[in-house]
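Subject: The model you asked for

Hi,

Here is the structure I promised to pass on. Open it up, turn it around a bit, and then read my notes below.

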Amino acid sequence: MVSMTIVAQGGAALGVAVKTKKADIKEIGYAGAFSAFCGITEPAIYGINLRFRRPFICASIASALGGFLAGLLNINMWSIIGSIIGLPSFIDLDNGITANFWYAILVTAITLFVAFGLTYVWGYNDRMEMAKKREKPKNPAKADLAK
């Protein structure tokens, strides 16, 4: 389920932000976690998790666990809004708040805490180097042919 993946990415970025002593990484981590909890994972994934690699692995493990639990508990989602801000999408339109909603909250919390915990314990330390951003490829159509 996509919602658990989004929460896991945010939890991993939050784990990095809480653990680091570096102000620039802390800033990117908190911003990435906040945006992931609102359903937008790109800042967390590309700003923190993939650049350190281990937080992305921790988020993937937590995401797999969350997806497994969501499947095991037969959780249904009635719209495509994921993450914490999208928890109302687990409310059944016909029956209102049922066990499905409470299971979704439980699995979301478990996924978040596992991603945060794994990242905090194993996924990040301040001695790690952030992978450099790749240089943009040159557009051959804009090449200076006069040279």
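Let's start with a puzzle: which side chain of opposite charge is nearest to R51, and how far away is it? It is D24, at 8.5 Å. R51 is buried and has no salt bridge. Buried here means under 20% relative accessible area, while exposed means over 50% and partly exposed is in between (1.4 Å probe, protein chains only). A salt bridge needs a side-chain nitrogen of Lys or Arg within 4 Å of a carboxyl oxygen of Asp or Glu. For charges, Lys and Arg count as positive and Asp and Glu as negative, with His and the chain ends not counted.

Two notes on how to read all this. This is a predicted model, so local features need pLDDT of at least 70 and side-chain atom pairs count only at pLDDT 80 or more, while totals for chains, interfaces and linings use all residues. Residues are numbered from 1 along each chain as its sequence is written, and side-chain values use heavy atoms, with hydrogens and water left out.

**The overall picture**

The chain has 5 helices and 0 strands, so from the N terminus on, the elements run α-α-α-α-α. Helices (H or I, at least four residues) and strands (E, at least two) are DSSP runs, numbered from the N terminus. Along its principal axes, the C-alpha trace spans about 70 × 40 × 25 Å. The chain has 147 residues, and 39% of them count as buried. Contact means heavy atoms within 4.5 Å. Among contacts with a separation of 6 or more, 72% come from residues 24 or more positions apart.

**Around helix α3**

R51 belongs to helix α3, which covers residues 42–52. Leaving out residues up to four places away in sequence, R51 touches I45, Y46, E129, M130, A131 and K133. R51 has buried company in α3: A44, I45, G47, I48, N49 and F52 are buried as well. The cover over the buried residues of α3 includes α1 (2–19), α2 (23–37) and α4.

Right after α3 comes R53, whose phi is positive. The value is about 70°, although R53 is not a glycine. Why is a positive phi worth a look? Most residues other than glycine have a negative phi. R53 lies in the loop between α3 and α4 (54–72) and counts as exposed, at 56% relative accessibility.

N74 is another residue of this kind: its phi is near 55°, again positive in a residue other than glycine. You will find N74 in the loop between α4 and α5 (99–123), and N74 is exposed at 56% relative accessibility.

**Rings**

How many aromatic pairs does the structure hold? There are 3. Rings of Phe, Tyr and Trp (its six-membered ring) pair if their centres lie within 6.5 Å; planes under 30 degrees apart count as stacked, over 60 as edge-to-face and the rest as tilted. One of the pairs is F52 with Y124, edge-to-face, at 5.1 Å centre to centre and 75° between the planes. F52 sits in helix α3 and Y124 in the segment after α5, so this pair ties together parts that are 72 residues apart in sequence. F52 is buried at 5% relative accessibility, and Y124 is buried at 1%.

Another pair is F101 and W102, also edge-to-face, with 5.1 Å centre to centre and 70° between the planes. Here F101 is buried, with a relative accessible area of 11%, whereas W102 is exposed at 51%.

A ring can also have a charge over it: the charged end of K19 sits over the ring of Y120, 5.4 Å from its centre. The rule is that NZ of Lys or CZ of Arg must be within 6 Å of the ring centre and within 35 degrees of the ring normal.

**N100 and the cysteines**

N100 is in helix α5 and is buried at 10% relative accessibility. Leaving aside neighbours within four places in sequence, N100 is in contact with N74, I75, N76, W78 and F90, so the exposed N74 turns up again here. The C-alpha atoms of N100 and A23, 77 residues apart along the chain, are separated by 40 Å.

Last, the cysteines. A disulfide is a covalent bond between the sulfur atoms of two cysteines. With the cut-off for a pair of cysteine sulfur atoms set at within 2.5 Å, the count comes to 0 disulfides. C38 is partly exposed, with a relative accessible area of 35%, and C58 is buried at 0%.

Have fun with it!
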